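Me: I am new to this structure and would be grateful for a close look at one part of it, set against the chain as a whole. Please explain each term when it first appears.

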Amino acid sequence: MRILARFWCLLKYHDWEGCKCRICGNLRDEGHTWSGCTCAVCGNGRDHIWSGCTCENCGLNRDSDHTWSGCTCTICGRNRNHSWSGCKCANCGLTRDHEHNWDGRVCRVCSVKWMLRNTGLEINLSVCGLFVERDLIDYARG
Ligand SMILES: [Zn+2]
Ligand SMILES: [Zn+2]
Ligand SMILES: [Zn+2]
Ligand SMILES: [Zn+2]
Ligand SMILES: [Zn+2]
Ligand SMILES: [Zn+2]
C-alpha cells in the first residue's frame, strides 16, 4: 500500500497536506501553514507586511520608517541620535549635563543648578569668579 502510494508520488500525484506531501515529504509553494511570516511546516518565508517599522504579521522590526516622537520611536522604542544644541536636544527636549548655558549657577536652557560636590553649597560663578573643577560639581534639577 505504502509502495503504491510512492508510485503515485513518482507520477506527481502527491498526497498534499498543506505545502507538504504526507507520503514522500515533497514540498510545494502553496498551502503553507503561516505562523507570522514563516511557514511552520517548510520554513519558507513570505513578504512582511510593513506598517511603519513593524511587520503586522510577525511583529518583526526594521530600522526604517519609524514613528518618531522626539528621538524615540513610539512603535519599537528605538532611539535615534539626539540633536544637541548645548545641553538640550532640539528634537525631544532631553537635557544632559554638558554644555550648559550658565547664568550664574542656573542654566538658561534647562534651568539645572550646580553646587560644590558633597557640600550642597551653591556658588554663583559669575559673582565670585571662582574656578571650579568639573568633577567637583554636582548638578541639581528642579
Ligand atoms: Zn508525495
Ligand atoms: Zn510551507
Ligand atoms: Zn513579517
Ligand atoms: Zn520603530
Ligand atoms: Zn533627542
Ligand atoms: Zn542646561
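Reply: The chain contains two helices and 14 strands. These elements are DSSP runs, with helices being H or I runs of at least four residues and strands E runs of at least two, numbered from the N terminus. The model is a predicted one, in which local features need pLDDT of at least 70 and side-chain atom pairs count only at pLDDT 80 or more, while totals for chains, interfaces and linings use all residues. Residues are numbered from 1 along each chain as its sequence is written, and chains are lettered from A and ligands numbered from 1 in the order in which they are written.

The confidence of the prediction comes next. The predictor's confidence in each residue, from 0 to 100, is called pLDDT. Its mean over the chain is 83, and 79% of the residues reach 70 or more. Over residues 124-131, however, pLDDT stays under 50, and the model has 10 contacts beyond four places in sequence for this stretch. Where pLDDT is low, the predicted coordinates should not be read in detail.

Two further terms are needed. Two residues are in contact if their C-beta atoms, placed from the backbone, lie within 7 Å. A residue is buried if 20 or more other C-beta atoms lie within 10 Å of its own, exposed if 12 or fewer, and partly exposed in between, again with C-beta atoms placed from the backbone. Of the 142 residues in the chain, 8% are buried. Among contacts between residues at least 6 apart in sequence, 5% join residues at least 24 apart.

The part chosen for a close look is the surroundings of Cys19 and His32. Cys19 sits in the loop between strand S1 (16-17) and strand S2 (20-21). His32 belongs to the loop between S2 and strand S3 (34-35). Leaving out residues up to four places away in sequence, Cys19 touches Leu27, Arg28, Glu30, Gly31, His32, Cys39, Val41 and Cys42. Under the corresponding restriction, His32 is in contact with Gly18, Cys19, Cys39, Val41, Cys42 and Asn44. Cys39, Val41 and Cys42 therefore appear among the contacts of Cys19 and of His32. Gly31, one of the contacts of Cys19, is 12 residues from Cys19 along the chain, with their C-alpha atoms separated by 4.7 Å. His32 and Asn44 are likewise 12 residues apart in sequence, and 8.2 Å apart from C-alpha to C-alpha.

Are these two residues buried or partly exposed? Cys19 counts as partly exposed because it has 18 C-beta neighbours inside 10 Å. His32 is buried because 20 other C-beta atoms lie within 10 Å.

Other positions give some context. Thr54 lies in strand S6 (residues 54-55) and is buried, with 20 C-beta neighbours inside 10 Å. Beyond four places in sequence, Thr54 touches Gly59, Asn61, Ile75 and Cys76. Thr54 and Ile75 are 21 residues apart in sequence, and their C-alpha atoms are 7.5 Å apart. Arg80, in the loop between strand S8 (72-73) and strand S9 (84-85), is partly exposed, with 14 C-beta neighbours inside 10 Å. Its contacts, not counting residues up to four places away in sequence, are Trp68 and Cys71. The C-alpha atoms of Arg80 and His66 are separated by 9.8 Å.

Finally, two loop positions concern the backbone. Most residues other than glycine have a negative phi. Glu99 has a positive phi of about 55° although it is not a glycine, and it lies in the loop between strand S10 (88-89) and strand S11 (102-103). Ser111, also not a glycine, has a positive phi near 55° and is found in the loop between strand S12 (106-107) and strand S13 (113-116). Glu99 counts as exposed because it has 12 C-beta neighbours inside 10 Å. Ser111 is exposed, with 12 other C-beta atoms within 10 Å.
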